[in-house]
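Please take a moment to look over the sequence and the model before reading on. The paragraphs below lead through them step by step.

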2 protein chains.
Amino acid sequence: MLKYQEVADRIELAIKDKKLSQGTRLPSLNELISKYDVSKTTLVKALTTLEDKGVIYQVQGSGIFVRRQKRDGYIALMTNMGFTKDLENNKLSTKVIDLKIETPSAEVARELNCAPGEEVYFIKRIRYVDNNVLCIEQSYFRKKIVPYLNKEIISESIFNYLTEVLKLKIGFSDKYLRTDILKKTEAKLLELPNNSPGLYIDELFYTASGEPFDLSQTIYNYKHANFFIQSGQK
Amino acid sequence: MLKYQEVADRIELAIKDKKLSQGTRLPSLNELISKYDVSKTTLVKALTTLEDKGVIYQVQGSGIFVRRQKRDGYIALMTNMGFTKDLENNKLSTKVIDLKIETPSAEVARELNCAPGEEVYFIKRIRYVDNNVLCIEQSYFRKKIVPYLNKEIISESIFNYLTEVLKLKIGFSDKYLRTDILKKTEAKLLELPNNSPGLYIDELFYTASGEPFDLSQTIYNYKHANFFIQSGQK
DNA sequence: AAGTGGTCTAGACCACATG
DNA sequence: ATGTGGTCTAGACCACTTT
């Protein structure tokens with residue numbers, strides 16, 4: 001366990017534990033340095049991590065303060081993984097519609113940087129929160145990087161499987177978001193009337209070494225999809 | 001100018017200048033250290049900045065690589081300011097619908113953490129890209145923090161005015177995003193048929209010292225609103 | 001084994017905010 | 001003036017990847 005990561009976790013835990021509210025001032029840098037017995041640089045790095053995560057904000061010359069918590073039920077858009085964590089207070093379930101191995105279309109192959117003839121898993125799922133349709137999701141995984149998937153695995157959180165079983169290190173992702181009118185087949189799957197709005201998110205996930213491995217399109221039911229984005233300036 | 005910031009800018013410029021494509025490897029840490037004549041820590045901080053910004057990614061034991069550029073015309077959702085920069089290749093204009101000083105509603109006062117009786121500017125604008133309606137925007141600015149606004153100022157980029165004229169230091173923001181069916185009045189302003197989809201973004205902006213100063217709701221025309229989100233893991 | 005990125009330290013010095 | 005956060009350094013050591 002990295003030192004700065006551990007310190008960051010302990011500080012975050014302390015905030016949640018004591019239920020410190022927005023604007024509450026934390027102990028000064030020097031106090032935290034003695035408390036956790038690390039160098040200044042390490043402590044600063046821990047704080048930077050928490051700042052990026054939206055847990056605190058730092059004001060030069062003044063102090064370190066607790067930042068507001070996001071509204072419950074909102075899905076954080078910047079975290080890499082699925083929303084398993086964001087909706088932990090809700091009942092999540094998944095229905096698998098399709099799972100097969102195929103040779104990708106030219107467009108998919110290009111996005112995923114596939115070699116000619118390389119195969120991918122194609123997955124189509126419906127995800128529910130509290131028995132309401134949250135979204136339909138179509139994903140392509142490069143078989144080269146994700147060699148095995150089955151119906152059982154993809155009925156749960158795929159990303160947990162990737163990181164914990166396959167020990168895949170996820171690096172970063174690009175997401176494109178837009179709103180449009182649902183197509184008839186989409187509306188039906190989302191249990192919405194024809195011509196309802198839909199929220200479309202295209203994502204491309206990369207491993208830590210920069211290889212794209214998952215291209216997916218998710219279409220959200222607008223009634224149950226609320227997103228949250230925290231931005232910083234630094 | 002901070003040293004790490006300057007180094008970061010120079011590296012970013014070099015990438016853009018030489019039009020290095022995704023996956024191109026940059027010189028090694030040690031080479032960059034000698035090239036820019038800074039300590040390792042400073043160089044690493046510069047690289048971290050660029051990594052957060054989505055310009056590069058670093059792979060331990062391997063190298064530093066150029067990350068893919070976002071598609072043109074997409075609006076980055078994590079930068080704090082408006083989209084002036086994202087749409088610099090497009091013709092942007094603004095029509096002011098309303099500008100007045102008022103005593104905020106209980107809800108607005110709560111979000112902005114206003115003292116009793118404190119006044120706010122209320123602004124309503126329509127923004128156009130290439131002569132198409134991009135969005136309608138309603139904002140509340142705390143007069144205490146933004147003491148003066150006029151029609152001319154808000155016809156341009158308000159955030160440029162805040163940072164460059166008022167020297168306001170913007171800290172961070174919370175954004176909430178959802179899709180819904182437009183109300184009749186909204187559809188009319190956006191020049192869309194009744195019952196069209198709309199993309200709603202609520203934002204709360206804070207100064208660097210943690211004071212909320214701007215609460216706004218923006219409703220985007222789904223035909224011209226494409227958003228981009230880059231995520232990292234670190 | 002060699003090279004590359006990543007963590008950590010102790011300490012000097014700078015910039016900003018508050019009393 | 002003091003205290004607070006922020007930058008910067010030189011250098012030791014660690015972890016991962018490549019050859």
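Which helices and strands each supply at least two residues of the surface near DNA strand D? In this predicted model, they are β1 (56–59) and β2 (63–66) of chain A together with α1 (3–17) and α3 (40–52) of chain B, and the largest share, three residues, comes from α3(B). Altogether 22 residues surround DNA strand D, and the closest of them are A:L29, A:K40, A:Q58, B:K3 and B:T42. When the residues of this surface are sorted by character, six are nonpolar, eleven are polar and five are charged.

It helps to ask next which parts of the DNA the protein approaches. Of the atoms of DNA strand D that lie within 4 Å of the protein, 72% belong to sugar or phosphate, while the rest belong to bases. Individual contacts can be picked out: an N or O atom in the side chain of A:Q58 is 2.7 Å from a phosphate oxygen of DNA strand D, and a polar side-chain atom of B:T42 lies 2.3 Å from a phosphate oxygen of that strand. With B:G61 the contact comes from the backbone, where a polar atom is 3.3 Å from a sugar or linking oxygen of DNA strand D.

The residue B:G61 also has a place in a hairpin, which is worth following in the model. Strands β1 (residues 56–59) and β2 (residues 63–66) of chain B run antiparallel and are joined by four bridges, and one point along this pairing can be found where B:Q58 stands opposite B:I64 in β2(B). Three residues lie between the two strands of the hairpin, and B:G61 takes a positive phi near 80° there.

Now turn to DNA strand C, which is surrounded by 22 residues, the closest being A:K3, A:T42, B:L29, B:K40 and B:Q58. Sugar and phosphate account for 73% of the atoms of DNA strand C that come within 4 Å of the protein. Among the polar contacts, a polar backbone atom of A:K3 is 2.5 Å from a phosphate oxygen of DNA strand C, whereas the side chain of A:T41 has an N or O atom 3.2 Å from a base nitrogen of DNA strand C. A backbone N or O atom of A:G61 lies 3.4 Å from a sugar or linking oxygen of DNA strand C. The elements that give two or more residues to this surface are α1 (3–17) and α3 (40–52) of chain A together with β1 and β2 of chain B, and α3(A) provides the largest share, three residues. The surface near DNA strand C divides into six nonpolar, eleven polar and five charged residues.

How are the two protein chains related to one another? A rotation of 180°, with 0.0 Å of shift along its axis, superposes chain A on chain B with an RMSD of 0.0 Å, and the two copies are therefore related as by a two-fold rotation axis. Within chain A, the residue that comes closest to this axis is A:P197, whose C-alpha is at 2.5 Å. Because 100% of the interface residues of chain A are also interface residues in chain B, the copies meet through the same surface.

The sheets remain to be traced. Strands of a sheet pair through backbone hydrogen bonds, either parallel or antiparallel. One open sheet of eight strands, with mixed pairing, has the order β4(A)-β5(A)-β6(A)-β9(A)-β8(A)-β7(A)-β10(B)-β3(B). At its edges stand β4 (92–102) of chain A and β3 (75–76) of chain B, each with a single partner strand, so one side of each is left without a neighbour in the sheet. Ten bridges join β4(A) to strand β5 (residues 120–129) of chain A, and these two run antiparallel; in β5(A), A:Y128 is the bridge partner of A:S93. Helix α6 (residues 158–165) of chain A lies across β5, β6 (132–142), β7 (170–181), β8 (197–207) and β9 (212–221) of chain A, running at about 155° to β9(A).

Another open sheet of eight strands, also with mixed pairing, follows the order β3(A)-β10(A)-β7(B)-β8(B)-β9(B)-β6(B)-β5(B)-β4(B). Its edge strands are β3 (75–76) of chain A and β4 (92–102) of chain B, each of which pairs on one side only. Here β3(A) runs parallel to strand β10 (residues 227–231) of chain A, to which two bridges join it, and A:I75 stands opposite A:F227 in β10(A).

Note on methods:
Residues numbered from 1 in each chain as written. Chains lettered and ligands numbered in written order. Predicted model: local features only at pLDDT ≥ 70, side-chain atom pairs only at ≥ 80, totals over all residues. Heavy atoms only, no water. Pairing = 2+ DSSP bridges. Least-squares fit on C-alpha atoms with pLDDT ≥ 70 in both. Contact = heavy atoms within 4.5 Å. Near = heavy atom within 4 Å. Polar contact = N/O pair within 3.5 Å; in protein donor to acceptor, adjacent residues only side chain to side chain. Nonpolar A, V, L, I, M, F, W, Y, C, P; charged D, E, K, R; others polar. Axes fitted to C-alpha atoms, helices over the stretch in contact; angles between N-to-C directions.
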